[in-house]
Amino acid sequence: MILGTPTIWGFIESLGLVGGDGSPSRVLATVIVRDVLIFMVVAWFAKPILRSFPLRISLTGAIIGVLGGVLWIGLCRFHPEGFLLQLLGVSTDYLAIREGVNPWELYESSITRGVFLVFRFTLLVLAVPIAEELAIRGFLARSVESDTWETLKLSDVRWRGFAAVTAYAVLTHPSEAIAAILWFGMVSLMMIRTGRFWDCVLAHAITNAMLGIYVCVMADWRWW
């Protein structure tokens with residue numbers, strides 16, 4: 001999400017290293033560049049991030065992460081969004097289908113495939129959870145609650161912040177809207193209860209790790 005702005009990501013694509021024709025080298029480069037850029041940004045702002053969100057985690061984050069993984073995988077397997085729309089007589093065309101990447105088909109070399117998987121899981125389990133939680137819990141949920149959001153505690157977020165995160169969940173996961181509403185809502189409730197930012201990151205990381213393992217084991221590349 002942080003890297004989704006036209007000014008940043010569009011410039012990177014214009015260099016010819018990522019995006020484009022979906023060739024194996026560009027797919028690999030895209031994953032590596034996203035990892036590197038996210039970690040560079042996080043490292044640059046590490047001090048203010050840790051000042052606002054001290055590095056504390058609890059077992060609650062791990063439990064919510066596991067429950068969230070089971071919830072997300074279970075709901076996505078049955079695809080209730082399409083079923084509900086069909087019952088309502090509404091077209092399912094808006095439910096975007098992701099273009100999955102099968103590394104076993106894309107890369108003949110086991111070494112290149114291994115490199116891709118390492119960086120892809122790094123993006124999935126470390127980079128994205130940190131970046132996305134900073135954007136939605138660290139900024140979005142607090143900014144809609146108060147003009148002085150920088151000093152607002154996570155435990156003081158109320159319905160406006162909760163609603164903003166839920167709207168984000170639906171807009172960014174239209175084909176998995178029900179799972180997204182439940183998962184993001186569950187993590188938001190945990191955030192309000194514990195006030196710990198890194199519990200949210202931990203839950204996000206565990207859920208994503210479970211999803212990544214499921215994708216590779218079941219070869220269900222549409223969620224990759």
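## A guided tour

**Stop 1: Ala219**

Select Ala219. Its relative accessibility is 44%, so Ala219 counts as partly exposed (buried is under 20% relative accessible area, exposed over 50%, partly exposed in between; 1.4 Å probe, protein chains only). Ala219 sits in the segment after α10. Now check its backbone angles. The phi of Ala219 is positive, at about 55°, although Ala219 is not a glycine.

A note before moving on. The model is predicted: local features need pLDDT of at least 70, side-chain atom pairs need pLDDT 80 or more, and totals for chains, interfaces and linings use all residues. Residues are numbered from 1 along each chain as its sequence is written, and side-chain values use heavy atoms, without hydrogens or water.

**Stop 2: the whole fold**

Zoom out and switch to cartoon. What elements does the protein have? It has 10 helices and 0 strands (DSSP runs numbered from the N terminus: H or I of at least four residues for helices, E of at least two for strands). From the N terminus on, the order is α-α-α-α-α-α-α-α-α-α. Now colour by accessibility. Of the 224 residues of the protein, 41% count as buried.

**Stop 3: the nonpolar core**

Next, look inside. The largest nonpolar core holds 45 residues (buried Ala, Val, Leu, Ile, Met, Phe, Trp, Tyr and Cys, joined through side-chain atoms within 4.5 Å). Which residues have the most contacts inside this core? Show Trp72, Phe116 and Phe184 as sticks: they are the ones. Then colour the contributing helices. Two or more core residues come from each of α2, α4 (59-78), α7, α8 (159-172), α9 (177-194) and α10 (197-218). Helix α7 supplies the largest share of this core, 9 residues.

**Stop 4: the aromatic rings**

Keep the sticks on. The whole structure contains 8 aromatic pairs (ring centres of Phe, Tyr or Trp, the last by its six-membered ring, within 6.5 Å; planes under 30 degrees apart are stacked, over 60 edge-to-face, the rest tilted).

Pick Tyr107 and Phe116. Their ring centres are 5.5 Å apart and their planes meet at 40°, so this pair is tilted. Are these two residues buried or exposed? Tyr107 and Phe116 are both buried.

Now pick Trp183 and Phe184. The ring centres of Trp183 and Phe184 lie 5.0 Å apart with the planes at 80°, so the pair is edge-to-face. Trp183 has a relative accessibility of 2% and counts as buried. Phe184 is also buried, at 3%.

Add Trp72 and Tyr168 to the selection. Trp72, Tyr168, Trp183 and Phe184 form one aromatic cluster. Two of these names were also highlighted in the core: Trp72 and Phe184.

**Stop 5: contacts across the sequence**

Turn on C-alpha distances and work through three pairs.

Select Ile64 in helix α4. Ile64 is buried, with 13% relative accessibility. Where does His204 lie from here? The C-alpha atoms of Ile64 and His204 are 8.7 Å apart, although 140 residues separate the two along the chain.

Move to Glu133, in helix α7. At 0% relative accessibility, Glu133 counts as buried. Draw a line to Cys200. It spans 7.0 Å, C-alpha to C-alpha, between residues that are 67 apart in sequence.

The last pair begins at Pro24, a residue of helix α2. Pro24 is partly exposed, at 33% relative accessibility. Its partner here is Glu108, 84 residues away along the chain. The C-alpha atoms of Pro24 and Glu108 are 9.8 Å apart.

**Stop 6: a pocket**

Switch to a surface view. Select Phe45, Pro48, Ile49, Leu134 and Trp149. Of the 16 residues that line the second largest pocket, these five lie nearest its centre (on a 1 Å grid over the protein atoms alone, a pocket is an open set of points fitting a 1.4 Å probe, with protein on both sides within 12 Å along at least five of seven lines; lining residues have an atom within 4 Å of a point). Helices α2 (24-44), α3 (46-52) and α7 (110-143) each give two or more residues to this lining. Which helix gives the most? It is α7, with 5 residues.

**Stop 7: the cysteines**

Finish on sulfur. How many disulfides does a search of the whole structure find? The search finds 0 (two cysteine sulfur atoms within 2.5 Å would count). Select Cys76: it is buried, with a relative accessible area of 5%. Then select Cys216, which is partly exposed at 21% relative accessibility.
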